[in-house]
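Colleague: I've got a model open and I'm not sure how to read it. Could you walk me through a few features, one at a time?

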Amino acid sequence: MDYEIIVVGGGHAGCEASLASARKGHKTLLITGNIQNIADMPCNPSIGGSAKGIVVREIDALGGEMGRNADKSLLQIKMLNNAKGPAVQALRCQADKITYPKEMLKTLKNTKNLDIMEDLVKELIVENNKVKGVLLESGSKIYASCVILTTGTYMKADILVGSKRTRQGPHGEKPSNYLSDNLAQLGFKIIRLKTGTPQRIEKASINYTNLKLEPGDDKYYTFSFDNKIYYDKDKQVPCYLTYTTPKTHEIIKENLHKASMYGGLDDIKGIGPRYCPSIEDKVVRFSDKERHQLFLEPESIYYDDIYVQGFSTSMPHDIQEQMVHSLPGLETAKILKYAYAIEYDAIYPTQLKQSLETKKIENLFTAGQINGTSGYEEAACQGLMAGINASLKLEGKEPLILKRNEAYIGVLIDDLVTKGIRDPYRLLTSRAEYRLLLRSDNADLRLSEIGYKLGLLSEERYEKLNKKKMQIKNLYDYLKTTKITPKKETNDILEKIHTSPIKDGIKLYDLLKRPEVSIDKIKLFTPLDYDDEILEQVDINIKYEGYIKKAEEEAMKMLTYENKPIPEDIDYYKIHNLASEAKQKLTEVKPTSLGQALRISGVNPADISILSIYLKKEYHK
Amino acid sequence: MDDTIVAISTSLGVGAISIIRVSGKDAINIVNKVFTKNLLNQESHTIHYGHIIENKQMIDEVLVTIMKSPKTFTTEDTVEINCHGGIAVTNKVLEILLNNGCRLAEPGEFTKRAYLNGRIDLIEADGIMDMINAKSEKALKLAVNTMNGSLSKKIKDLRDLISDILVNISVNIDYPEYDDTPKITNDIILPKIKEVENNIKNLIDESQNGKIIKEGIDTVIIGKPNVGKSSLLNALLEENKAIVTDIPGTTRDIVEGIISIDGIHLNIIDTAGIRKTEDIVESIGVEKSFEYIDKADLVIYLLNNNEALDKEDKEILDKIKDKNYIIGINKMDLDNNLDINLLEKEKIVKLSIKENKGLSDLKNKIKVMYNTSSIDLGDFTYISNAENVSTLKNCLNKVNDIKLGIERFLPIDMIEIDIKSLWNLLGKITGDTYQDELIDKMFSKFCLGK
């Protein structure tokens, strides 16, 4: 045995997987096609966003790296949905595309138990449906107990531009030509997906005069609960906003047939993401829209590229030139890199367990785009979970499975392995039933305990967590027990802050329940010597107590089914009264609990009733 | 299995008494809330006489049997209510129980609980699974037939209205940087929610269950002079002890009388005083008949077995074919001159009012028509109606939560939580529970992405 765990691929999933495994003390090898591309950001230069920003914080709370690394490399940062409720707020930053990979590589290199090797994996070494290691394209074999595949878009990657199809990965990298065939031979269902990326423009060639400035927030934020600040909030790099014009639309419509996806190529199999349509898709599908927003985002302070968010296309280069020059501010812009679409192989995710181990091959785990997701954050969190669960498997322990009421990570993985996908999967707040419980502000309170017990979170962070918990409780209790009385000066203040005066004594807790009274206003009556994050927690917990309770009750209802396990060896075809669609779906997904079974489309409550009787009959005699 | 379930456990519509069974840890509590006598400290296996009440109104005179865990069929606390008021009233009692915290039992669920709680032998497990399978298939088939087409359409329209709001909120949350998508605010939501509220209220009123009990079915008996309209009405009324000839405060047409058939009320509309004018040779005329037909929920068209169809008859038959109607062929004791093949077979009831024949067939036909006693259709039709009404009332509670949230200026994403549960509740009625429906709609309606 050369290594305990091999991670194949050095993208965001691969980095988290190898770090988690090495930090848990397992001898780990990270194999990548090109060390220079480790933690590369081949698409948009940003981390976080709605729902995704919360995932980054969850990764941090569990002891992952993405949040910390984003903090080190951010160019600007915003709290999205600031004016809305606490449950939907999330951080989004522009991250420097040079600094981010550089910092990540530094961390990887400084991690004990972790080796990095440049090569491509040709095949898996499998014996008796158990993975034993990998065969490299260079011909050598490396043995390990567990293998984690995080190949991103590299399996049989094809770059599509106009009528040209080229077998290569992003940046012209060498793709992995053999691995997906090998996976198919091993019995995996392989699907073809597609995504795309817009042009990069030379910064100096853009005329910013008439473009709307999109600055960062005038406040300090960090993704990581380490709360280390690496930037100057007054020196954040701005983004700019521009729009497509009638001319742009005209060019697109006239040349539509030249786009790869509209006839330029006739062998497109990949299914593109609905939430990430190309500009030609937008123009065709929403023809009544006069213009589309485009964001000009800086990629780095070390080079000149500006990313044109919203303008991804598979048009040939000459048409792209025309399109770009039809945009306000970009009339004389110089295109440094052309937009392209990319097609790649992935495995259908219902072939995975909740732990991200494959059902077919023991000790083989997969994470990231290979599982049909899209997005750096979605990839990173799966990588982290695969790294954790491969380690736990080696240690002979139960896997870590986050429930839908515990983390967005749990929602994502459960969706993937239970429902499968139609197009590349992106996290959305609307996918979470218990959104109110899964907030950005409480990610540490939800998950740090788990991170600490896994050995991934430092002693220092754990102490910080416990202190925070205690302070929250103290403040809550204080507000619940402290009353103000209807004295004149009290009512004067109440009137001044536009809330009704009191006739009887009232607890500060009840005063804070008033929507118009924020916790800052409570300070007018009594000194509250607490950090902002403590005040924020208590404010949310009291103000939205009713809603939070409802969400918790709903979650409890779900858990009663979630806690009814289904044994792995069950044969659904032996339960003759089950509807045949249910038999087929249950056999495919192999749910681990009645709760998961209920979420499979095509399985109805009567099937669950029958199943629960069968389980009692067969397994609890 | 923590919740309390309820179901009507006798076949509906046959006997005079029907039994409603409630099982679960809150069974006694819930029934106690709607019963005139305190049931909380009663001995196990005792029977109590009293009334089921709602909003201080008496709904039915009942006998209630209390059976405490574990010596019951399900081993859980169980209450059985013997209702006397006919199908509609039984169904109303069921609805009240649903409103007070019971959940409608799934097919075979009592037996399933009995089994899971160890009350039934292991050997029987297969049989139970078969039964659940069979019952749920039947229920599924019936759900399609049962749901009144227009009710289902109305709910679907409501869900569409609500999902437009939800999808817009989702876009605002998930794509906050897109400033050209419309921003939904509480001000925009409020009128829409009020519209939803009114619609739900109307639905509750209109739902068969509500309507049958509260208002009855407006019925006209039409036909040529001397065909036997008044005899039929008198025969129907005669069996009914409670005759109301004038309903004060109502604005609708003068009602000749109310007939109750197993809890279904028929309001017989006075067609120019049919009882009085029978002897006068006077036709009310086709035009006049049309007017009555338009007003009625149910048309009973009387024909004479002794006479062939004429042009006037055909006009009326053509007019009523889109309504709920029954063709009564009277005077079966006379020679047949009427060509039955020209009529829709399923609508025909043969009568001889003079000889008191065929009246029960007529009543059965009405019961079948209003889904209340059809043995073939099983019990699901009616039960699902009670459940629907109860769900709709739950929807109104959600609407109130939403309005309260808006009043308190809560952030839109908090209010969205209640809007979404409202949408889910309505989906429960129409059986639309596809989870990614909103996400699909979002991407089809809005242009988003990098």
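Modeller: Sure. Helices and strands here are DSSP runs, numbered from the N terminus, where a strand takes at least two residues and a helix at least four. Keep in mind that this is a predicted model.

Colleague: Fine. Then where is B:Pro70 in chain B?

Modeller: Look between β4 (57-67) and β5 (78-83) of chain B: B:Pro70 is in that loop. Check the peptide bond there too, since B:Ser69 and B:Pro70 are joined by a cis bond with omega at about 5°.

Colleague: How many helices and strands does each chain have?

Modeller: Chain A has 20 helices and 22 strands, while chain B has 15 helices and 12 strands.

Colleague: And how do I read the overall shape of chain A?

Modeller: Start with the radius of gyration, taken over C-alpha atoms. A compact globule of 621 residues would come out near 25 Å, and chain A has 26 Å, so the two agree. Along the principal axes, the C-alpha atoms of chain A fill a box of roughly 80 × 75 × 50 Å.

Colleague: What share of the residues in each chain is buried?

Modeller: Buried means under 20% relative accessible area. By that cut-off, 62% of the 621 residues of chain A are buried, and for the 450 residues of chain B the figure is 52%. As for the surface, chain A exposes about 24400 Å², with 49% belonging to carbon and sulfur atoms. Chain B exposes about 20600 Å², with 50% supplied by carbon and sulfur atoms.

Colleague: What about contacts between residues far apart in sequence?

Modeller: Take the contacts between residues at least 6 apart in sequence, then ask what part joins residues at least 24 apart. In chain A that part is 73%; in chain B it is 65%.

Colleague: Which domains is chain A divided into?

Modeller: There are domain 1 (3-194 + 344-454), domain 2 (459-551) and domain 3 (564-619). The contact between domain 1 and domain 2 of chain A takes 14 residues from domain 1 and 15 residues from domain 2. Their C-alpha centres lie 40 Å apart.

Colleague: How far apart are the mean positions of the positive and negative charges of chain A?

Modeller: They are 3 Å apart, for 90 positive and 86 negative charges.

Colleague: Now the backbone. Which value of phi does A:Ala39 have?

Modeller: Near 55°, a positive value in a residue other than glycine. A:Ala39 is in the loop between β2 (28-32) and β3 (46-48) of chain A. A:Asn128 also has a positive phi, near 50°, and lies in the loop between β7 (121-127) and β8 (130-136) of chain A.

Colleague: Is A:Ala39 buried or exposed? And A:Asn128, buried or exposed?

Modeller: A:Ala39 has a relative accessible area of 0%, so this residue is buried. A:Asn128 counts as exposed because its relative accessibility is 79%, and exposed means over 50%.

Colleague: One last residue. Where does B:Ile417 lie, and what does B:Ile417 touch?

Modeller: B:Ile417 lies in helix α14 (residues 412-430) of chain B. Leaving out residues up to four places away in sequence, B:Ile417 touches A:Arg435 and A:Leu436. With a relative accessible area of 28%, B:Ile417 is partly exposed. Also compare sequence with space: B:Ile402 is 15 residues from B:Ile417 in sequence, and their C-alpha atoms are 8.9 Å apart.

Notes:
Residues numbered from 1 in each chain as written. Chains lettered and ligands numbered in written order. Predicted model: local features only at pLDDT ≥ 70, side-chain atom pairs only at ≥ 80, totals over all residues. Heavy atoms only, no water. Rg over C-alpha atoms; globule rule 2.2 N^0.38 Å. Buried < 20%, exposed > 50% of the residue type's maximum accessible area, 1.4 Å probe, protein only. Contact = heavy atoms within 4.5 Å. Areas by Shrake-Rupley, 256 points an atom, 1.4 Å probe, with all protein chains shown as cover. Lys, Arg positive; Asp, Glu negative; His and termini not counted. Charge placed at Lys NZ, Arg CZ, Asp CG, Glu CD. Domains from an automatic or database assignment.
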